[in-house]
Number of protein chains: 2
Amino acid sequence: MLSKKCKYAIHALVYLAERYQQGPVHIQEIADAQRIPKKFLEAILLELRNAKVLHSKKGKGGGYYLYKKPEDVNLIEIIRLMDGAIAMLPCVSLNYYEPCEECKDEKTCGIRDSFLGVRDETLRILSESTLAKIVKRERVLSKK
Amino acid sequence: MLSKKCKYAIHALVYLAERYQQGPVHIQEIADAQRIPKKFLEAILLELRNAKVLHSKKGKGGGYYLYKKPEDVNLIEIIRLMDGAIAMLPCVSLNYYEPCEECKDEKTCGIRDSFLGVRDETLRILSESTLAKIVKRERVLSKK
DNA sequence: AAATAGTATACTTATTCTATAGACTATAAG
DNA sequence: CTTATAGTCTATAGAATAAGTATACTATTT
């Protein structure tokens with residue numbers, strides 16, 4: 001399961017993607033709209049800013065705004081930033097690889113293969129899921 | 001990531017699957033072979049026994065043994081028993097469904113779809129991964 | 001009867017998650 | 001140039017969960 005932090009991040013980013021290129025959005029507005037504790041949201045947006053996904057503008061009329069294009073931010077990137085590894089086992093993780101303590105020999109491990117498959121499919125689906133696609137999908141769904 | 005408990009369970013079950021229909025295996029033997037703390041393993045095997053995956057025999061010469069056939073136990077079942085939901089969001093979980101607190105309206109949520117896809121693929125791959133297949137795979141791999 | 005081995009409950013410890021507090025810094029506007 | 005606004009940063013507190021341990025009990029086999 002994704003952490004709350006990660007879910008908050010996704011919702012905040014979708015919110016900002018809906019307002020892409022419409023100027024900075026005040027953090028309090030995002031917190032209110034998405035019902036996210038403001039201080040918690042601050043920490044999240046700060047991380048996203050350090051990862052160059054967002055930019056911020058200080059002072060009156062300031063706030064956060066999407067730096068990358070909505071079609072260039074996908075769910076994989078967000079999840080990795082917030083929750084870390086995507087894989088269900090450390091030994092099949094691309095970015096957070098670690099040998100399994102439990103395994104004697106990775107090469108003859110019959111368990112790995114299944115989880116490699118899961119990781120590949122997860123990666124495929126979630127990297128195709130960009131903020132642009134999510135916003136588009138919401139617009140289509142809400143018009144029905 | 002899977003919990004240690006879940007990884008231990010998988011390894012213990014694979015160990016028992018390798019010894020299917022060869023009589024009960026003493027818990028200490030499994031603990032030693034897989035380097036699992038014995039007391040922790042007891043709790044795990046007990047749960048698997050209550051779920052009718054394993055049976056046990058008490059007294060001298062007793063131990064645990066696979067009750068279901070190795071081809072009828074898959075990774076999905078084990079993970080569900082040990083860690084709960086497979087899905088990354090509660091609102092796309094089959095067995096542990098809960099509405100998302102974060103969402104206003106599930107029907108117009110653009111995020112859900114992606115995670116539905118991930119869940120389906122994960123389910124497909126892991127339900128095909130039976131203990132029998134894992135054991136077979138290990139035998140093939142170790143002969144190379 | 002004695003040894004073996006599984007069953008059950010309770011508890012500890014460590015870690016992570018979620019959330020909050022408060023002081024600080026930069027910017028815009030008057 | 002002052003004041004209000006709004007983001008930045010560090011620290012920390014409380015709750016929940018995970019991982020492992022201790023102890024007592026019950027059932028079975030020989």
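Which polar side-chain atom lies 3.1 Å from a phosphate oxygen of DNA strand C? The atom belongs to B:Ser56. That is a good place to step into this structure, which is a predicted model. From here we can walk along the DNA, then cross to the contact between the protein chains, and end with some of the salt bridges.

Let us stay with DNA strand C for a moment. It is surrounded by 26 residues, and A:Lys39, B:Leu46, B:Arg49, B:Gly63 and B:Tyr64 are the closest of them. Of the atoms of DNA strand C that come within 4 Å of the protein, 76% belong to sugar and phosphate. The contact of B:Ser56 with a phosphate oxygen is one example to look for. Another comes from B:Gly63, where a backbone N or O atom lies 3.3 Å from a phosphate oxygen of DNA strand C. You can also find B:Gly59, which has a polar backbone atom 3.5 Å from a sugar or linking oxygen of this strand.

Both protein chains take part in the surface near DNA strand C. Chain A brings α1 and α3, while chain B brings α3, β1 (54-57) and β2 (63-66), and each of these elements supplies at least two residues. The most comes from α3(B), which gives four residues. Sorted by class, the residues of this surface are six nonpolar, eight polar and twelve charged.

Now turn to DNA strand D. Here 25 residues lie around the strand, and A:Arg49, A:Ser56, A:Gly63, A:Tyr64 and B:Lys39 come nearest. Sugar and phosphate make up 78% of the atoms of DNA strand D that come within 4 Å of the protein. Two backbone contacts from chain A are easy to follow: a polar backbone atom of A:Gly63 is 3.3 Å from a phosphate oxygen, and a polar backbone atom of A:Gly59 is 3.4 Å from a sugar or linking oxygen. A base is reached as well, with an N or O atom in the side chain of B:Lys39 lying 2.4 Å from a base oxygen of DNA strand D.

Which elements build the surface near DNA strand D? In chain A they are α3 (38-50), β1 (54-57) and β2 (63-66), and in chain B they are α1 and α3, each with at least two residues. The largest share is that of α3(A), with four residues. This surface holds six nonpolar, seven polar and twelve charged residues.

Next, look at how the two protein chains meet. Their contact takes 42 residues from chain A and 42 residues from chain B. Together the chains bury about 3,900 Å², and 65% of that area is on carbon and sulfur atoms. On the chain A side, A:Met1, A:Met88 and A:Glu102 lose the most area to chain B, together 17% of what that side buries.

Several kinds of link cross this interface. There are eleven residue pairs in polar contact, both residues being at pLDDT 80 or more. Five helices of chain A, namely α1 (4-18), α2 (27-34), α4 (75-83), α5 (112-128) and α6 (131-143), each supply at least two residues of the side that touches chain B. The largest share, nine residues, comes from α5(A). By class, that side of chain A has 22 nonpolar, nine polar and eleven charged residues. One salt bridge is found across the interface. A:Lys4 and B:Glu101 meet in a salt bridge there, at 3.1 Å from N to O.

How many salt bridges does a search of the whole structure find? Over all chains there are 17. In chain B, the side chains of B:Lys5 and B:Glu47 are joined by one, at 2.7 Å from N to O. This pair links distant parts of the chain, with B:Lys5 in helix α1 (residues 4-18) and B:Glu47 in helix α3 (residues 38-50), 42 residues apart. B:Lys5 counts as partly exposed because its relative accessibility is 22%, and B:Glu47 is likewise partly exposed, at 31%.

Another salt bridge in chain B is the one between B:Glu18 and B:Arg19, at 3.0 Å from N to O. Chain A has a network in which salt bridges with shared partners join A:Glu18, A:Arg19 and A:Glu29. Within it, the closest N and O atoms of A:Glu18 and A:Arg19 are 3.0 Å apart. A:Glu18 is partly exposed at 26% relative accessibility, and A:Arg19 is partly exposed at 24%.

Definitions and conventions: Residues numbered from 1 in each chain as written. Chains lettered and ligands numbered in written order. Predicted model: local features only at pLDDT ≥ 70, side-chain atom pairs only at ≥ 80, totals over all residues. Heavy atoms only, no water. Contact = heavy atoms within 4.5 Å. Buried area = accessible area lost by both parts, 1.4 Å probe. Salt bridge = Lys/Arg side-chain N within 4 Å of Asp/Glu carboxyl O. Polar contact = N/O pair within 3.5 Å; in protein donor to acceptor, adjacent residues only side chain to side chain. Nonpolar A, V, L, I, M, F, W, Y, C, P; charged D, E, K, R; others polar. Buried < 20%, exposed > 50% of the residue type's maximum accessible area, 1.4 Å probe, protein only. Near = heavy atom within 4 Å.
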